[in-house]
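Visitor: Hi! I'd like to walk through this model with you, hopping between a few spots as we go. Could you pull it up?

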Amino acid sequence: MAVCARLCGVGQSRRCRRRQRHNQQDPGSDSDMGEEEEEQIVGQTQGDAGGGGGAGPGAPAGPSVAREDGSCHVNRGGAQGRSRTGPPHPQSLAELPPELLVEIFSLLPGTALPNVALVGKKFRQILNTETIWRRRCMAEFGMKEDLRRMEVGGVSSRDLYVKLLHPYRNILGLWQPDIGPYGGLLNVVVDGLFIIGWMYLPPHDPRVEDPMRRRPLFRIHMWESNKATVECMYGHKGPHKGDIQTGKKDEFSTKCNQTDHHRMPGGRQEEFRTWLEEEWGRTLEEIFHEHMQELILMKFIYTSQYDNCLTYRRIYLPPLMPSDLLHPGLFKGTYGSHGLEIVMLSFHGIYLRATKLTGDPNVPAGQLTLDVDLSRPVVLPDLEHQRNIEELSRLVLGVHAEVQREEQEKATDTAAAIRGAAEGACGNAGAADWVEEDRVTCSDRCQPTTSTSPPEAQPFVLPLGVMARNEVYPRTCRKCFYGTGLIAGHGFTSPERTPGLFVLFDEDHFGFIWLELKSFSLYSRLTDQLAHAHAPNMERFEAMLCNMQSWTS
């Protein structure tokens, strides 16, 4: 009987009791059979019923057998008295046990659960189970041990998902603030029981190897009420009232409702000294370069006027391709008197490009600071000749002249092909043949050169006369390539690309020698884990880069 009870799910069924009564009426029957024998019989009965086996010798085949609950079981050739002992198969989801429905609903995305609640009262009641919403918070937003602590505090996982995580899910990820030419890097993440916007700042100049600094700009939580509360974290007086607006796609804005919390008792002078110590790690008296003092004061005046009322636009980390020379991502690099800035390294066919996420009044954020042609490697001479800036300039400028000559020839030939195509059908055929031939030739040239590749590691030293903010740099490099860097006057006037040398040191470091400026920029990889930041595909990333350049152009 115990086996039958287990198959039925809960205790003895009517069929079990009927068998018991039958055994009591027939004392000659084998009612004391062991549990193993009963299991064998039940298993055979289920196999006959489920498999539709044929009847035994001499067994009558009845059309159907009536049940006590009013249902009917069709006996399709089975032995008389053999009937299914297990529970009936459910005909719909509503007939499943509640605990099984909880498991099923926990696997659905949270956005689908409101539609499930519309099915009926039973589903709506089951969706009030905290287990479902706790699992959705963990699966979609990475929340773990903090959930039960919040439930003890009186806030349910369902309210947390419905009123906080889901409404603000679209602001999670990587963003660039609209702060004129300076830009920035903001990562909005679920941090414990809060949604926090962390502003990432480069380390103090010129310590490019130091970790990034970060500062909270806003947070959203449900501690003090049963609804989401937005607080501004800017300033030195603690959290205060703020607001977030999410009108456009891939864009949101923050607003501080108590800007007096940003002010300091000592006025603007005290605010400037505090900002300077946080931003540069030094006082104004310690900065002797007059031009650098002007740049620092200009940045303070420009950035402080926003009072954390900013607009942010979504950006992505570049996707990794199998052919990439190194892992793409974010790097911090030295930019002379402007200090350290953040760039995004990405690959586009045979080109390696670095785009500014933080900028300066000369070359603003969003602009393409480095453009490297990986099909044009540069083999360095020995150390003695590397110290000679004239020798390095001869190598790089030789490649630069070749690139300009090829571009000019291509432009001339393209113009001639267009004129020929306009002359008629014959001209069209000739132009088409020429374009195909030029495409094949270009395709052959655009393949990265491997025959003259330098060894995996070779000695490297900066030429004499080249200025470097950081005198500590790697003394060996893997490869070098021709590239151009973007320079401009104040206010991004007269921008031009100047030739230079891209130096790959290792997976996490590279450099660029600006020949015209006679300066060297060293870049080091950001090691911070940035959540919700990767591009869904290369097309979205390319579109984002185009938009970034238009924001600051």
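Visitor: Which backbone nitrogen does the side chain of Asp 360 reach at 2.8 Å?
Guide: That's the backbone nitrogen of Val 363. Keep in mind that this is a predicted model. The Asp 360 side chain also reaches the backbone nitrogen of Asn 362, at 3.0 Å.

Visitor: And where does Asp 360 sit in the chain?
Guide: Look in the loop between β13 (351–356) and β14 (368–377).

Visitor: Is Asp 360 buried or exposed?
Guide: Asp 360 is buried, because its relative accessible area is 3%, and the cut-off for buried is under 20%.

Visitor: What is Asp 360 in contact with, leaving aside neighbours within four places in sequence?
Guide: Those contacts are Pro 181, Tyr 182, His 338 and Glu 341. His 338 turns up again in a pocket: among the residues lining the second largest one, His 338 is one of the closest to the centre.

Visitor: Nice link! Which others are closest to the centre there?
Guide: Tyr 335, Gly 336, Ser 337 and Leu 517, out of 29 lining residues. The volume of this second largest pocket is about 650 Å³. Its lining is made up of 14 nonpolar, 10 polar and five charged residues.

Visitor: Which elements each supply at least two residues of that lining?
Guide: They are α11, β16 (467–468), β18 (479–489) and β21 (519–525).

Visitor: OK, on to the largest pocket. How much space lies in it?
Guide: About 880 Å³. It is lined by 47 residues, and Leu 201, Arg 215, Trp 275, Glu 279 and Thr 303 are the closest to its centre.

Visitor: Which element gives the most to that lining?
Guide: α11 does, with six residues. Other elements giving two or more include β5, β6, α10 (267–280) and β12 (340–348).

Visitor: How does the lining of the largest pocket divide by residue type?
Guide: Into 22 nonpolar, 14 polar and 11 charged.

Visitor: Changing topic: how many residues has the largest nonpolar core?
Guide: It has 41. Phe 105, Leu 165, Ile 171, Leu 186, Val 188, Ile 195 and Phe 252 have the most contacts inside it. Elements that give two or more residues to this core include α4 (98–106), α9 (157–165), β4 (186–191) and β5 (194–201). Another core, of 24 residues, lies apart from it, with Tyr 200, Met 212, Leu 317 and Met 548 among its members.

Visitor: Back to Ile 195 for a second. What does Ile 195 touch beyond four places in sequence?
Guide: Among its contacts are Leu 164, Leu 165, Ile 171, Val 188, Phe 218 and Arg 219.

Conventions: Residues numbered from 1 in each chain as written. Predicted model: local features only at pLDDT ≥ 70, side-chain atom pairs only at ≥ 80, totals over all residues. Heavy atoms only, no water. Helix = DSSP H or I, 4+ residues; strand = E, 2+ residues; numbered from the N terminus. Buried < 20%, exposed > 50% of the residue type's maximum accessible area, 1.4 Å probe, protein only. Polar contact = N/O pair within 3.5 Å; in protein donor to acceptor, adjacent residues only side chain to side chain. Contact = heavy atoms within 4.5 Å. Core = buried A, V, L, I, M, F, W, Y, C linked by side-chain atoms within 4.5 Å. 1 Å grid on protein atoms, 1.4 Å probe; cavity = no way out; pocket = protein on both sides within 12 Å on 5 of 7 lines; lining within 4 Å. Points joined across faces, edges and corners; volume = space filled by probe spheres on them. Nonpolar A, V, L, I, M, F, W, Y, C, P; charged D, E, K, R; others polar.
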